[in-house]
Amino acid sequence: EGDNMSKKISNLRERILEVSAVLFRENEYKNVDMRRISKEVGSAVGTIYNYFPNKETLYVEVFKDSWEKTLKKLDDITYASKNPVEKAIDFVMEIYKGKEERKYLSKQVIFHTIKKDAGKNAIKKMKKQWYKRISDKMKIILREAEEMKSIEIEEKFYDELIMTMLISILAVDDFFGNKENAEEFIRVYIKKILSWGDNNEWRKN
């Protein structure tokens, strides 16, 4: 009975997050309230407050939940039995897809929809942790690519390379008119970066 109760609690929490994500995506933050969320979930508004004390906390958890799902996919890609160059492409593409899915969340954060410093600080802290997790996993793939190519790369260049790739993902939409062209550019770009020649700059002297 205890296990069933825990499962029901977990399922309801997940349901609240899923419904809230849809509402935040389709409406401005200010137009979504806890009562509307409770109606869509099919639970009393008091039940929603049992899980999340206010809308801001819920919003931050939706943002966190979205990123955690992306990170889980990145973990699966990192340890997949696959060519490291293809894994790197899949890895970066997953980050890009996640970024696209979170546009409505990130934009609202940037434009200070979250008013309280606690909410903003929570998101900043999470982003820092997520970057480290992404960086650590990407380094695993880079080492595999390095072994495959028999090329030694200094650790300091790993960080620069990862940062360059992530910045490119963030900026790619500014240069392409549609998602398909942006995704094709990312695939070609990552493949070129990891297809080092004899005179590449990343090799140790």
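This passage describes the fold, a pocket and the salt bridges of a predicted model.

Some conventions come first. Residues are numbered from 1 along each chain as its sequence is written, and side-chain values use heavy atoms, with hydrogens and water left out. As the model is predicted, local features need pLDDT of at least 70 and side-chain atom pairs count only at pLDDT 80 or more, while totals for chains, interfaces and linings use all residues.

The confidence of the model can be stated with pLDDT, the predictor's confidence in each residue, from 0 to 100. Its mean over the chain is 81, and 80% of the residues reach 70 or more. Residues 197-205 are a stretch where pLDDT stays under 50. For this stretch the model has 16 contacts beyond four places in sequence, where contact means heavy atoms within 4.5 Å.

The chain holds nine helices and zero strands. These elements are DSSP runs numbered from the N terminus, with helices being H or I of at least four residues and strands being E of at least two. Read from the N terminus on, the order is α-α-α-α-α-α-α-α-α. Of the 205 residues, 42% count as buried; the classes are buried for under 20% relative accessible area, exposed for over 50%, and partly exposed in between (1.4 Å probe, protein chains only). Among contacts between residues at least 6 apart in sequence, 72% join residues at least 24 apart.

Attention now turns to a pocket. The second largest pocket has a volume of about 260 Å³. Among the 16 residues that line this pocket, Arg-25, Asp-65, Ser-66, Lys-69 and Glu-101 are the closest to its centre. The elements that give two or more residues to the lining are α1 (2-26), α4 (55-78) and α5 (84-101), and α4 provides the largest share, six residues. Sorted by class, the lining has nine charged, four nonpolar and three polar residues. Here Asp, Glu, Lys and Arg count as charged, Ala, Val, Leu, Ile, Met, Phe, Trp, Tyr, Cys and Pro as nonpolar, and the others, Gly among them, as polar. The search ran on a 1 Å grid over the protein atoms alone: a pocket is an open set of points with protein on both sides within 12 Å along at least five of seven lines, a cavity is a set where a 1.4 Å probe fits but cannot get out, and lining residues have an atom within 4 Å of a point. Grid points are joined across faces, edges and corners, and a volume is the space filled by probe spheres set on the points.

Asp-65, one of the residues closest to the pocket centre, is found in helix α4. Asp-65 counts as buried because its relative accessibility is 18%. Leaving aside neighbours within four places in sequence, Asp-65 is in contact with Glu-14 and Leu-17.

Side chains of opposite charge can pair when their charged atoms come close. A salt bridge is taken as a side-chain nitrogen of Lys or Arg within 4 Å of a carboxyl oxygen of Asp or Glu, and by this rule the count comes to 15. In helix α4, Asp-76 and Lys-72 form one of them, at 3.0 Å from N to O. The two are four residues apart in the helix, so about one helical turn separates them. Asp-76, at 44% relative accessibility, is partly exposed, and so is Lys-72 at 48%.

A comparable spacing occurs in helix α7, where Lys-132 and Asp-136 lie four residues apart, about one turn of the helix. Their side chains meet in a salt bridge at 2.9 Å, N to O. Lys-132 counts as exposed at 52% relative accessibility, whereas Asp-136 is partly exposed at 32%.

Another salt bridge joins Lys-137 and Asp-75 at 3.6 Å, N to O. This pair links distant parts of the chain, with Lys-137 in helix α7 (residues 117-149) and Asp-75 in helix α4, 62 residues apart. Lys-137 is buried at 19% relative accessibility, while Asp-75 is partly exposed at 25%.

Arg-133 also belongs to helix α7 and is partly exposed, at 33% relative accessibility. Not counting residues up to four places away in sequence, Arg-133 touches Glu-68 and Leu-71. The C-alpha atoms of Arg-133 and Asp-75 are separated by 9.3 Å, with their positions 58 residues apart along the chain. Finally, a network of salt bridges links Lys-179, Glu-183, Glu-184 and Arg-187.
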